[in-house]
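Work through the exercises below with the sequence and the model open. Each task is followed by a solution in steps.

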Amino acid sequence: MSTARPIDVRCARDRLIDLLGLGETTPIRDVNVQEAQLTVNVGAPCEITIDPAQSGVRYELFDGDAAVVPACSVDGAGEKAVLKGPIIDRVDKTFRIRATKLDPLTRQTFLLQTATVKVGLATDLPVSTPEIAEVPRLVDHGSRVVVSVSGSQAGATYGLVDGAGSPIPMTPPGRVSGNKDGAITLTASRVTEDTVIRVDVQRTFDESEGRAPLHAVLATELPIAVRADRDLAVSAVGSPVLPQGSATITIAASQPSALYSAHVRALSTVDFVPGAGPTERVIAVPGTSGVEVYTPRPPALWQAPAGSAQHGDAAPGNGGVLELGVGPLLDDSIVVVQARKIHAAAGAPLESAVQLEQAAIVLVRPEPAPPLVLQIAANADGASGTLLVSGGQPGVFYHFYPSDEAGELGLPAYFHRRDERDPSMNKGIAATEPEAADKVPRRGLRVEMDLVITRDPPVPGASDPAHARPLDPLVDIAPLPLGGAVDVMAIKARTGIGWVARRSVPITPAAEESSPSDLGAAPEPAATES
C-alpha cells in the first residue's frame with residue numbers, strides 16, 4: 001500500500017509546526033527505503049533510494065553504529081532522493097540510515113527501514129594448483145588435482161567444471177562454500193584425459209527475497225595434461241607358446257588419445273631366476289607348467305628397456321581392444337608396450353610416454369627343423385658306433401630314441417647358450433661375474449695363458465691343436481648300429497617347451513677326419529653332455 005500521500009501530509013504538518021514555533025519536530029522515520037539494485041557486483045557502488053525524502057532533512061548512511069567511510073549523504077527536497085553508497089566488496093551489507101534536521105541540527109533519528117545490499121559474484125579470484133608447481137601441468141592418469149581459490153565469497157558455493165562447462169567429480173563430493181577468510185580448496189578426484197579445469201560459482205537466495213539465483217565461471221583457466229593409462233591388460237593372442245614367427249599382442253580398453261607401440265626383448269637366463277628382489281615382478285606364463293619370468297618393474301616415465309627394439313609402427317588406440325603385430329620372434333621374448341600422448345591442453349607442444357604395467361611373455365618352441373646333424377663314429381667292431389651331434393639350437397636339450405621304441409638312448413645332448421645380460425650365468429672358460437669391490441673375479445675359470453681344448457686327433461701329431469678347429473663333441477649314448485636312424489625330441493632347457501611330436505633324423509656315418517687346411521675358420525664348440 002502506498003504511503004506517499006500520508007507522508008506528504010505529515011511533512012507539511014511538521015513544516016508548519018516548525019514555522020509557527022509551536023515546537024520541534026523530528027524527521028519522519030517510516031519513509032520508504034529501497035535498494036536501487038537487488039544485487040550489486042563486486043567492486044561496484046551501491047545506490048539506495050529514499051521516497052519521499054523530507055525537505056530540510058539530511059540522510060546519512062551508517063554501517064551498524066558508525067557512519068560509512070567515506071561519508072555518504074543526501075539532502076531531501078520533498079521527493080525521491082538517491083543515496084549513493086560505498087563500493088561493495090565480497091560481503092553482504094545491511095545499512096542503516098540516519099535522518100537529521102538541517103535547521104536546527106538538533107533533531108535526528110534512524111529510519112525504520114534498513115537497506116540490505118546483496119553482493120554479486122566475483123569472477124576474478126586468484127586460482128592455482130598448489131601441488132603442481134610446474135607449467136604445463138602434467139600429471140599421471142587417475143591423479144587427483146587440488147585447486148586453491150583465494151578470496152572466496154561467503155554465501156557462495158564453488159565447484160569444478162571442464163572447458164565445456166561439464167561438472168568434474170570432486171573429493172569429497174558436493175560443492176564447497178566460501179567463507180569470510182576467503183581461502184578454499186577444491187579437489188578433482190580423478191583426471192583421466194587432458195582437460196581444462198575451471199571454477200564455477202553459484203549463489204541462491206531465500207525465496208522471500210525475490211532475487212534470482214546467480215551463476216558464473218571464474219576467469220582463470222587451468223590446462224591439465226594427463227599421461228596415458230598404465231593399467232591396461234596386455235596379452236598374447238592365443239597360446240603364449242608359439243612357433244617361431246610373428247605374434248599378436250592385444251591391449252584392452254586402449255585410449256583413443258594415446259599411441260601404442262610394442263618393444264620386444266629376448267629373455268635371458270637371468271629372467272627365469274627367482275628371488276631377484278622387491279623391485280622385481282613375477283609374470284606367470286599361462287598355459288605352461290609353472291614357468292615364471294622375473295623382470296624389473298617399469299619406471300615412472302618411459303625408458304626403453306635395455307636390449308629391446310620396437311616392432312612395427314605405433315598405432316592409435318580405438319577405445320577397445322587394440323592389436324599390435326610383433327615379429328619375427330626367434331626366441332623367448334618379453335613384450336612391453338609404450339603409450340605415448342601428444343597433449344593439446346597444455347598449450348605449447350608437449351609429449352609424454354609411459355610403459356604399461358603389464359607385459360606379455362611369448363615363449364617360442366625350439367626350431368622345428370634346426371640344422372641338426374647326426375653322425376656315427378664307428379667303433380672298433382665295425383658294426384656299431386657312437387652318436388656325434390652338431391648344429392643344435394643353443395639352450396635346447398635333444399633327446400634321442402630308437403625308431404618305434406620308447407626307451408631313450410642315453411643322456412640328452414645340450415647345446416650351451418651364453419647369457420649376454422648376465423655373464424655370471426655363463427659357466428666355463430673365462431666365464432666370470434663383473435669384478436666386485438674386492439677385485440676378485442668370481443665363478444668360472446680364468447686362464448692367463450693360451451689354452452686349447454680338443455678331442456684327440458685320429459693320428460697323434462697329425463694336426464696343430466692351436467690352429468685346427470676342435471672336433472665336434474661326442475654324446476655318450478648306447479652304441480647304435482651303423483646306418484640306423486633315431487627319433488629326436490627337442491626341449492628348451494629354460495621353459496621345458498619342446499616339439500609336440502618326435503622328428504626322425506637320419507644318421508649319416510661319420511666321414512674321415514678332415515685335414516686342418518680343409519676346415520676354415522673354427523666355430524665355437526656348442527654341444528656338451530647333460
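Two strands count as paired if DSSP finds at least two bridges between them. Helices (H or I, at least four residues) and strands (E, at least two) are DSSP runs, numbered from the N terminus. The model is predicted, so local features need pLDDT of at least 70 and side-chain atom pairs count only at pLDDT 80 or more, while totals for chains, interfaces and linings use all residues. Residues are numbered from 1 along each chain as its sequence is written, and side-chain values use heavy atoms, with hydrogens and water left out.

**Exercise 1. Describe the chain as a whole and its confidence.**

Step 1. The chain has one helix and 39 strands. Of its 530 residues, 40% are buried, where buried means under 20% relative accessible area, exposed over 50%, and partly exposed in between (1.4 Å probe, protein chains only).

Step 2. Contact means heavy atoms within 4.5 Å. Among contacts with a separation of 6 or more, 66% link residues 24 or more positions apart.

Step 3. pLDDT is the predictor's confidence in each residue, from 0 to 100. Its mean over the chain is 80, and 80% of the residues reach 70 or more. Strand β14 (residues 157–161) has the highest mean, 97, and strand β39 (residues 527–529) the lowest, 30. Over residues 429–445 the pLDDT is below 50, and this stretch has 25 contacts in the model beyond near neighbours in sequence. Residues 513–530 also stay under 50, with 28 contacts beyond four places in sequence.

**Exercise 2. Find the partners of strand β19 and state whether β19 is enclosed or open.**

Step 1. Strand β17 (residues 195–203) runs antiparallel to β19, and three bridges join them. Here T195 stands opposite I224.

Step 2. Strand β12 (residues 137–139) pairs with β19 in the parallel sense, over three bridges. The bridge partner of R137 in β19 is I224.

Step 3. Four of the five residues of β19 (residues 222–226) are buried, so the strand is largely enclosed by the rest of the structure.

**Exercise 3. Give the strand order of two open sheets and identify their edges.**

Step 1. One sheet of three strands has the order β11-β13-β16, with antiparallel pairing. Its edges are β11 (127–128) and β16 (184–191); each has a single partner strand, so one side of each lacks a neighbour in the sheet.

Step 2. Six bridges join β13 (residues 143–149) to β16, and V149 stands opposite I184.

Step 3. The other sheet has three strands in the order β20-β22-β27, again paired antiparallel. Because β20 (234–236) and β27 (322–329) each have a single partner strand, one side of each is left without a neighbour in the sheet.

Step 4. Three bridges join β20 to β22 (residues 245–251), and A236 stands opposite I249.

**Exercise 4. Characterise the surroundings of S254.**

Step 1. S254 is found in the loop between β22 and β23 (259–266). With 2% relative accessibility, S254 counts as buried.

Step 2. Leaving aside neighbours within four places in sequence, the contacts of S254 include L232, Y260, G317, N318 and L322.

Step 3. The side chains of S254 and N318 are joined by a polar contact of 3.0 Å. A polar contact is a pair of N or O atoms within 3.5 Å; within protein, one must be able to donate a hydrogen and the other to accept it, and residues adjacent in sequence count only if both atoms are side-chain atoms.
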